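Biologist: I am new to this structure. Please give me a close look at the backbone geometry, and then go on to the ligand site.

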Amino acid sequence: MADLLVSPQQTPLRGTIRVPGDKSISHRAVLFSAIAEGQSRVEGWLPAGDTLATLEVMRALGVPITVSEDEPNAWSLTVEGQGLCGLQPPAAPLDCRNAGTCIRLLAGILAGQPFPSVLDGSEQLRRRPMRRIVTPLQAMGAVIESEDGHAPLTINPASLSGIRYRLPVASAQVKSAVLLAALYARGATRVRQPGPARDHTERMLTAMGVPLRAGRHWVRLPSGKRRLRPLQMVVPGDISSAAFPLVAATLLPGSAIRVEGVGVNPTRTGILELLANMGASVSVEAERESGGEPVADLTARFDELHATSVSGDVVVRAIDEFPIWAVAASQAAGASTLRDAVELRVKEVDRIGVLAGELRLLGIPIAETADGFTIHGPVRPRGGTVSSHGDHRLGMALAVAGLMATGPVRVLDADCVSDSFPGFVETMQALGASMSWEI
Ligand code: S3P
């Protein structure tokens, strides 16, 4: 396990960078291409710990995938789609590693297969709740068992029926698992969601010829024969990765950076709204489209921030950004409060409790609540030793906090940053950030 060493940043961050491909879209590109009819081509694909788990699992299900490593962190994939019913029985349990998106979406696909399978993953993944997918899939007729609501999941052949399902939480993973199972089900399926969970599944399936209808709070797959056309797309940069350098530039005096080719799907841009509400200078330029997803160049420059309160729908649209938002809030004048974010407690780690514990080690005053936290700023973090606890986004947020600190910060167990952002340290170094791996 590698440690990351961060020194107090003495100079502004400057420059133009790209970040690796979107993690949610990269998972889906492999999963959906695998069950399409014909050859798909995906460029700018993210080779991160989580997405590589999905790629290996689909190979274990008999899908030929050729990889060309054009750039270290942006691969091109050629996927030979096997059609909805052409996957092969796996020889062993399928290892989804740390990837919640992999296990939950794949469960939807495997629920409709004529062979049994077992889905498992790391100790971290085994702690995450699976009942949220098991319950609707069982209601569709799936024969699926879990270990008291957790992985491993054992799936046996079953014939599925469409469902009308109201999601108890605004989760794109659950919505996607139901929609994927619906491809194998008799009759129509309708899913209602309490908030605007990311819609990459709806966009990609539509681009692949599936006749989905969607509104802000619902998605419907009509009855009838389903087939997926092959996918051709360039994966946009991940806004959840771009958030780290963007926030760092916002907080470090004199900084001005540009991140090119970032996905700005409106179900993902909550962090831009939150930063704008705090007075940050982040702008969205040159909007265009790639594979049905909006893309833009984002620029950020230093500005003084003021506190803000966050609750409601925007929480879903910024759900992965609260570790780095907490760092921004610690530098903003006043009390910043997050509410309605109880989902953070079931992410890679408890991103309320564990985040609060680590930020306190750096002297940041943060008070936990059941569904969020309050941070009083601005407080310059002090140096010290903190841990990622194996959570990539917590590790990167702590590294950015370290740039603001009065003394050196060591982030233990930080190599997990490559679960979503391979090249994080090198990308930050390219902007002039004073961080490096301990050798
Ligand atoms: C994801 C959905 C979100 C998000 C996760 C990726 C996806 O999780 O936090 O990082 O790719 O569908 P939930 O669906 O559990 O909210």
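Modeller: Pro152 is found in strand E9 (residues 150-156); helices (H or I, at least four residues) and strands (E, at least two) are DSSP runs, numbered from the N terminus. The peptide bond between Ala151 and Pro152 is cis, with omega about 5 degrees. This is a predicted model in which local features need pLDDT of at least 70 and side-chain atom pairs count only at pLDDT 80 or more, while totals for chains, interfaces and linings use all residues. Residues are numbered from 1 along each chain as its sequence is written, and side-chain values use heavy atoms, with hydrogens and water left out.

Another cis peptide bond joins Gly377 and Pro378, with omega about -5 degrees. Pro378 is placed in the loop between strand E21 (372-377) and strand E22 (384-387). In strand E16 (residues 281-290) lies Ala286, which has a positive phi of about 50 degrees although it is not a glycine. Most residues other than glycine have a negative phi, and most peptide bonds are trans.

Now the ligand. Around the ligand (a heavy atom within 4 Å of it) are Ser24, Arg28, Thr101, Ser171, Ala172, Gln173, Arg198, Ile319, Asp320, Lys347 and Arg393. By class, this shell has 2 nonpolar, 4 polar and 5 charged residues; Ala, Val, Leu, Ile, Met, Phe, Trp, Tyr, Cys and Pro count as nonpolar, Asp, Glu, Lys and Arg as charged, and the others, Gly among them, as polar. Domain 1 (3-20 + 236-438) and domain 2 (23-234) each give at least three residues to the shell, with bounds from an automatic or database domain assignment.

An oxygen atom of the ligand is 2.7 Å from an N or O atom in the side chain of Ser24. For the side chain of Arg28, a ligand oxygen is likewise 2.7 Å from an N or O atom. At Gln173, a polar backbone atom is 2.8 Å from an oxygen atom of the ligand. Helix H1 (23-34) and helix H6 (172-182) are the elements that give two or more residues to the shell around the ligand.

Definitions and conventions: Polar contact = N/O pair within 3.5 Å; in protein donor to acceptor, adjacent residues only side chain to side chain.
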